[in-house]
Amino acid sequence: MSTRIAFLKGHGTENDFVIVPDPENVIDLPAATVAALCDRRAGIGGDGLLHVVRSAAHPEAKEMAAEAEWFMDYRNGDGSTVEMCGNGVRVFARYLQRAGLVTEGDIAVATRGGVKSVHIAKTGSQGSAAGDITVGMGKAVLPEGDVIVSVGERSWPARNVNMGNPHAVAFVDDLADAGDLYTPPPFSPTSAYPDGVNVEFVVDRGPRHVALRVHERGAGETRSCGTGACAVVVAAARRDGADPSLTGAPVTYTVDVLGGTLVITERADGEIEMTGPAVIVAEGEIDAEWLASVSG
């Protein structure tokens with residue numbers, strides 16, 4: 001391994017990531033190393049880490065290599081693995097474009113939640129800004145059973161929505177009802193989410209327009225959560241009587257997150273598309289000696 005390792009930093013609606021290009025999967029990234037890299041005081045800082053690997057070079061992605069050349073080996077900020085990150089996929093695609101590995105248009109990205117279809121729009125009309133990126137997020141699964149989430153002495157019913165990762169969506173009167181979100185909001189029954197859950201607290205802003213705050217498992221409160229925004233739209237559409245599987249018509253919501261705005265569409269066939277920005281803000285090198293010291 002060389003004495004220095006390349007990295008980039010990027011964000012999607014301020015959900016930020018350390019990006020480590022490693023096409024042949026030769027960089028060892030145990031949980032402790034990832035947590036150190038994502039540490040905002042002693043490391044680079046990020047809500048998570050995007051490990052960029054060729055699908056054929058990663059044991060978890062080899063079977064997807066025929067469909068998608070690149071695998072998003074995503075890690076939470078605490079080093080744990082996760083099935084899918086919607087904002088992460090957009091930033092991952094932006095990195096591939098920046099590196100000249102893909103061009104504008106349609107690409108496929110392998111994730112632990114399956115192969116995702118991604119569309120990179122052309123640059124703005126003045127050529128001054130990168131176009132938004134749309135990700136095919138797949139279909140939501142709605143497990144049966146009631147779920148309750150709590151903050152302090154207050155509790156709310158929540159909709160159980162799985163977007164390749166688990167979500168509990170609670171509609172509240174005020175986003176302040178979510179509390180500080182430093183720690184995971186308790187939920188019941190605990191059997192509903194044996195591996196933990198992302199919890200979204202949602203308020204209405206207008207017709208087909210909502211806003212949310214989210215606690216992401218393994219990361220705490222984040223500025224944005226792409227799969228969470230999709231889960232919120234699925235829950236809102238059912239609440240509003242706009243379930244596309246029943247109406248036969250697609251439904252689109254604007255979703256405000258702390259870091260910006262996403263546009264989510266659920267089609268009549270159940271497929272969900274998320275559109276939003278993705279920005280690379282910096283690149284540099286990680287010192288290998290430091291990396292070794294935090295990995296030991």
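## Strand S10 and the nonpolar cores

Trainee: How many bridges join strand S10 to strand S12 (residues 198-206)?

Mentor: Happy to start there, and keep in mind that this model is predicted. S10 and S12 run parallel. Within this pair, His167 stands opposite Asn198 in S12. The number of bridges joining S10 to S12 is 5.

Trainee: Thanks! Which residue stands opposite His167 in S10 on the S9 side?

Mentor: Strand S9 covers residues 154-162 and runs antiparallel to S10, joined by 4 bridges. In S9, the residue opposite His167 is Val161.

Trainee: Which residue in the hairpin of S9 and S10 takes a positive phi?

Mentor: Look at the link of the hairpin, where 3 residues lie between the strands. The phi in question is near 95°, and it belongs to Gly164.

Trainee: Is S10 mostly covered or mostly open, and how many of its residues are buried?

Mentor: S10 spans residues 166-171, which makes 6 residues to consider. The strand is mostly covered, and its buried residues number 5.

Trainee: Turning to the cores, which helix gives the most to the largest nonpolar core?

Mentor: That core has 53 residues, and Val118, Val255 and Ile264 touch the most other members. The helix that gives the most to this core spans residues 226-239 and supplies 9 residues: it is H3.

Trainee: How many residues make up the other core, the one with Ala170 and Val203?

Mentor: Good one to finish on. This core lies apart from the largest one, and its members include Val172 and Val197 as well as Ala170 and Val203. Its residue count is 16.

Key
Residues numbered from 1 in each chain as written. Predicted model: local features only at pLDDT ≥ 70, side-chain atom pairs only at ≥ 80, totals over all residues. Heavy atoms only, no water. Buried < 20%, exposed > 50% of the residue type's maximum accessible area, 1.4 Å probe, protein only. Helix = DSSP H or I, 4+ residues; strand = E, 2+ residues; numbered from the N terminus. Pairing = 2+ DSSP bridges. Core = buried A, V, L, I, M, F, W, Y, C linked by side-chain atoms within 4.5 Å.
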